[in-house]
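Reader: I should like to go through this model one place at a time, with the reasoning set out before each answer. Could we begin once the structure is in view?

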Amino acid sequence: MATRLLQLVALWTVIGVVRCCPELCTCLDKYDHQFADCAYKDLILVPVGLPSNVTTLSLSANKITSLNSKSFVSFTQVTSLWLAHNEIVTVETGTLAPLVQLRNLDVSHNKIVHFPWEDLQNLTALQLLKMNHNEMVHLPKDAFSTLGDLKSLRINNNKFTTIVQGTFTALSSMSHLQIFNNPFTCSCNLEWLRDWITTTKISVPEPNYILCEAPEHLKGALVTKLPELDCKAPTVTITHRPNMEDAAPYGGFMVVLHCETNGSPTPDVRWEVEAGNQTFRFILPSTGEEHGLPINDETTSGRFLVFPNGTLIIPHMSNEEDGNYSCSAVNDLGKAESSVKVTLIHSISIVPF
């Protein structure tokens, strides 16, 4: 009787495991690990009904287009997750965060543009991360800041135009890094990568395919052969007419402010005006057009005229134009800003900050 009872318990256990496996998947217990193979099944969603104790989950070569925050919430023991060769475009924030035991993650060969980088902060056990062959554009500096155990990282064949210095600093266990076939913009902020590739002990394969896509005169150049660039942090100087001693003693006077900027590469320049309990922002064109026409439209042109060369004119000074006038310049090396305060009392007073 005891033997018969044990046989029934064993049979019920097997049936229970089978029932926990989706119809199109194959589930197997082996060496104290639970494998779920759902690859090559034309799935369009992560299947429901997977064993809660699954440790290796293969969903590769399906037609999954998105992952949401509940896709893996029931599989917190997963150590290997294979999602390559799907059609994934969207990965919601929080989708991967529960998988704190994950060691291997493969989302390569998809169509991912925006990845929830913050989810990686939880995945401190990761050792292999494959993100290659996607459409990713932005790589945050702190994306891998908690991945001290990561040994292999593949972000090649994406659309990254730059990698910020310090992005790989926390990867103390890293031995293999793939970054080739990205359309890098070879400006001043990428010079560090040139030097780092040639000195790091980490294997960085295919250096002949780590190329500049922009600017045009460097297109096709090897990042490792990037010439020394003329890199200068931006500077800003505001000049003005009239000077305080020449100010007119009545309203309606014209004030001319000019923002002179320098820097290499050429900085992006912006005027910001805080006047009459309003804030106005005017972004100067980066192409440096000299057509002599204001860049602002009729909604503000009655009060200000802003020109591509950095000149801002107040045609008819009044109390409404009292305020702070700031000009800022930004390039790869940083930001500079200068401000003046324009005040009409009985005359116009312009005071540098």
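Reader: In which strand does Ser 326 lie, and is Ser 326 buried or exposed?
Author: In this predicted model, Ser 326 belongs to strand 19, which covers residues 323–331. Its relative accessibility is 12%, and the limit for a buried residue is under 20%. Ser 326 of strand 19 therefore counts as buried.

Reader: With which side chain does the side chain of Ser 326 make a polar contact?
Author: Leaving aside neighbours within four places in sequence, the residues in contact with Ser 326 are Arg 270, Trp 271, Glu 272, Glu 337, Ser 338 and Ser 339. A polar contact at 2.6 Å links the side chain of Ser 326 to one of these residues, and the partner is the side chain of Ser 339.

Reader: Is Val 78 buried or exposed?
Author: Val 78 sits in the loop between strand 4 (66–67) and strand 5 (80–82). Leaving aside neighbours within four places in sequence, Val 78 is in contact with Val 54, Thr 55, Leu 99, Gln 101 and Leu 102. The relative accessible area of Val 78 is 2%, and this loop residue is therefore buried.

Reader: What distance separates the C-alpha atoms of Val 78 and Thr 56?
Author: Along the chain, Val 78 and Thr 56 are 22 residues apart. In space, the separation between their C-alpha atoms is 5.8 Å.

Reader: Gln 101 touches Val 78; what is the relative accessibility of Gln 101?
Author: Gln 101 is placed in the loop between strand 6 (90–91) and strand 7 (104–106). Not counting residues up to four places away in sequence, Gln 101 touches Thr 76, Gln 77, Val 78, Thr 79 and Ala 125. A partly exposed residue falls between the 20% and 50% limits, and Gln 101 counts as partly exposed because its relative accessibility is 40%.

Reader: How far apart in space are Gln 101 and Ser 80, C-alpha to C-alpha?
Author: These two residues are 21 residues apart in sequence. From C-alpha to C-alpha, Gln 101 and Ser 80 are separated by 8.7 Å.

Reader: Which residues of helix 2 are buried, and which strand is included in what covers them?
Author: Helix 2 runs over residues 191–199, and its buried residues are Glu 191, Trp 192, Leu 193, Arg 194, Trp 196 and Ile 197. Among the elements that cover these buried residues is strand 10 (176–178).

Reader: Which residues are joined by the cis peptide bond with omega near -5°, and which by the one with omega of about 5°?
Author: In the loop between strand 12 (212–214) and strand 13 (232–241) lies Pro 215, and the bond with omega near -5° runs from Ala 214 to Pro 215. Pro 265 is in the loop between strand 14 (255–264) and strand 15 (268–275). The cis bond with omega of about 5° joins Ser 264 and Pro 265.

Reader: What is the phi of Asn 157, and what is the phi of Asn 277?
Author: Asn 157 is in the loop between strand 9 (152–154) and strand 10, and although Asn 157 is not a glycine, its phi is positive, at about 55°. Asn 277 lies in the loop between strand 15 and strand 16 (278–283), and Asn 277 is exposed because its relative accessible area is 87%. Asn 277 is not a glycine either, and its positive phi is about 60°.

Reader: Is Arg 241 buried or exposed?
Author: Arg 241 is part of strand 13. Leaving aside neighbours within four places in sequence, Arg 241 is in contact with Met 254, Val 255 and Val 256, and its C-alpha atom is 8.5 Å from that of Met 254. With a relative accessible area of 56%, against a limit of over 50%, Arg 241 is therefore exposed.

Reader: How much space lies in the second largest pocket?
Author: The lining of this pocket consists of 13 residues, and those nearest the centre are Val 46, Val 48, Asn 68, Lys 70 and Ser 71. By class, the lining has seven nonpolar, five polar and one charged residues. The space in the second largest pocket is about 180 Å³.

Reader: For the protein chain as a whole, what percentage of the 353 residues is buried?
Author: The protein chain has two helices and 21 strands, and it exposes about 18,600 Å², of which carbon and sulfur atoms supply 53%. Of the contacts with a separation of 6 or more, 52% come from residues 24 or more positions apart. Among the 353 residues, the buried share is 44%.

Notes: Residues are numbered from 1 along each chain as its sequence is written. This is a predicted model: local features need pLDDT of at least 70, side-chain atom pairs count only at pLDDT 80 or more; totals for chains, interfaces and linings use all residues. Side-chain values use heavy atoms; hydrogens and water are left out. Helices (H or I, at least four residues) and strands (E, at least two) are DSSP runs, numbered from the N terminus. Buried means under 20% relative accessible area, exposed over 50%, partly exposed in between (1.4 Å probe, protein chains only). Contact means heavy atoms within 4.5 Å. Accessible areas come from the Shrake-Rupley method with a 1.4 Å probe; for residues, only the protein chains shown count as cover. On a 1 Å grid over the protein atoms alone, a cavity is a set of points where a 1.4 Å probe fits but cannot get out, and a pocket is an open set with protein on both sides within 12 Å along at least five of seven lines; lining residues have an atom within 4 Å of a point. Grid points are joined across faces, edges and corners, and a volume is the space filled by probe spheres set on the points. Ala, Val, Leu, Ile, Met, Phe, Trp, Tyr, Cys and Pro count as nonpolar, Asp, Glu, Lys and Arg as charged, and the others, Gly among them, as polar. A polar contact is a pair of N or O atoms within 3.5 Å; within protein, one must be able to donate a hydrogen and the other to accept it, and residues adjacent in sequence count only if both atoms are side-chain atoms.
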